[in-house]
Amino acid sequence: MTLMKSLMGAAAVVALTAGAALAEPALIFDLGGKFDKSFNEAAHNGASRWAEETGGTYREIEMQSEAQREQALRRFAEAGSNPIITMGFGMADPLSAVVADYPDTKFVVVDVTWLDAPNLRQVGFAEHEGSYLVGMMAAMASESGTVGFIGGMDVPLIRHFGCGYAQGAKAVNPDINVVANMTGTTPAAWNDPVKGSELTKAQISQGADVVYAAAGGTGVGVLQTAADEGILSIGVDSNQNHLHPGKVLTSMLKRVDVAVYEAMSAGENVETGVYIMGLAEDGVGYAIDDNNAPLVSDDMKAAVDKARQDIIDGNVSVVSYYENDSCPALQF
């Protein structure tokens with residue numbers, strides 16, 4: 001598999017000044033592939049937007065195994081890519097092993113915020129805040145009093161999503177039943193739509209009539225089965241409303257596309273440090289478009305928009321799973 005894959009049809013890289021060329025950025029997708037219709041695809045969309053607007057080119061690779069992570073980082077760095085943008089918490093250890101060896105290269109990682117390196121930009125998201133809003137919508141749309149959550153790999157990040165979702169649902173209906181399942185404990189859990197379908201059917205058998213998927217490519221199976229079985233689903237990361245028009249209540253937007261676009265736009269001058277994107281920064285939110293507008297009542301929208309502002313203003317506090325490795329509203 002070739003490591004260097006330029007965006008087809010893109011123009012040559014433009015010069016910053018006469019005689020000074022801009023280094024090509026590189027993008028390393030996480031397991032699940034760039035067309036997972038979720039996390040990775042959001043990154044792809046951000047990179048594509050940058051290329052279309054600037055005429056620039058970038059290199060990319062889709063991870064096929066854990067063993068490729070460090071190798072891809074080193075090969076891109078040796079090739080002169082700058083910045084090198086990486087996706088997912090699975091890049092934490094490889095980055096720790098690599099970044100110090102290339103002090104003149106800027107690295108960017110999405111979903112990692114705990115490393116210490118002067119040439120690293122770390123971007124995290126307040127997923128629990130956005131999930132709180134779609135949890136409210138799930139509870140308001142539910143007729144059975146039971147809603148579901150299906151996560152991908154069982155890691156704190158995904159429990160963070162589920163915890164916010166349960167809090168939002170219980171803010172609307174304290175007696176609501178929230179059923180939660182994880183797809184697995186290995187990275188394969190991000191790309192198992194068959195297992196996602198099975199878990200959805202199991203939750204439906206427990207009474208769930210709205211199911212939220214935070215599971216990467218696995219979520220495609222969740223949304224498909226929900227539509228087939230006549231219940232509502234909630235997408236994640238990218239706007240997935242269009243996958244099943246009239247069947248997807250909303251999607252919890254995680255603006256990975258913005259994080260990638262901004263990093264590529266800044267190029268070698270990208271600022272390093274830790275950056276958290278929440279509701280106040282429009283880093284998370286919920287999607288309304290023609291595909292789901294008939295499902296979202298004016299009362300629902302008003303309640304969610306009020307909660308959004310209350311969270312931003314500090315009047316409503318959404319407990320983070322990270323705070324004590326547990327969730328007051330949901331048992332995993």
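1. Quick bit of vocabulary: "buried" here means under 20% relative accessible area. By that cut-off, both Cys-163 and Cys-327 are buried. Keep in mind that this is a predicted model.

2. Those two cysteines are worth a look as a pair. Cys-163 and Cys-327 form a disulfide, with 2.2 Å between their sulfur atoms, and the structure holds one such link. The link of Cys-163 and Cys-327 is right-handed, with 90° about the S-S bond. Cys-163 sits in helix H5 (residues 156–172) and Cys-327 in the segment after helix H9 (298–313), so the disulfide ties together parts that are 164 residues apart in sequence.

3. On to the nonpolar packing. The largest nonpolar core has 69 residues, and the members touching the most others are Phe-161, Tyr-165, Val-210, Tyr-212 and Val-256. Helix H4 (residues 127–141) gives the most to this core, with eight residues. There's also a second, separate core of 22 residues, with Ala-26, Phe-76, Leu-95 and Val-98 among them.

4. If you want one residue to click on, try Tyr-165. Setting aside neighbours within four places in sequence, Tyr-165 is in contact with residues including Ser-131, Tyr-132, Val-134, Gly-135 and Ala-138. Val-210 and Tyr-212 are also among the contacts of Tyr-165, as are Phe-149, Val-178 and Ile-234.

5. Is Asp-30 buried or exposed? Its relative accessibility is 7%, so Asp-30 counts as buried. Asp-30 lies in the loop between strand E3 (26–29) and helix H1 (39–54). Not counting residues up to four places away in sequence, Asp-30 touches Phe-39, Asn-40, Met-63, Arg-69, Met-87 and Gly-88.

Conventions
Residues are numbered from 1 along each chain as its sequence is written. This is a predicted model: local features need pLDDT of at least 70, side-chain atom pairs count only at pLDDT 80 or more; totals for chains, interfaces and linings use all residues. Side-chain values use heavy atoms; hydrogens and water are left out. A disulfide is a pair of cysteine sulfur atoms within 2.5 Å. Helices (H or I, at least four residues) and strands (E, at least two) are DSSP runs, numbered from the N terminus. Buried means under 20% relative accessible area, exposed over 50%, partly exposed in between (1.4 Å probe, protein chains only). Contact means heavy atoms within 4.5 Å. A nonpolar core is a set of buried Ala, Val, Leu, Ile, Met, Phe, Trp, Tyr and Cys residues joined through side-chain atoms within 4.5 Å.
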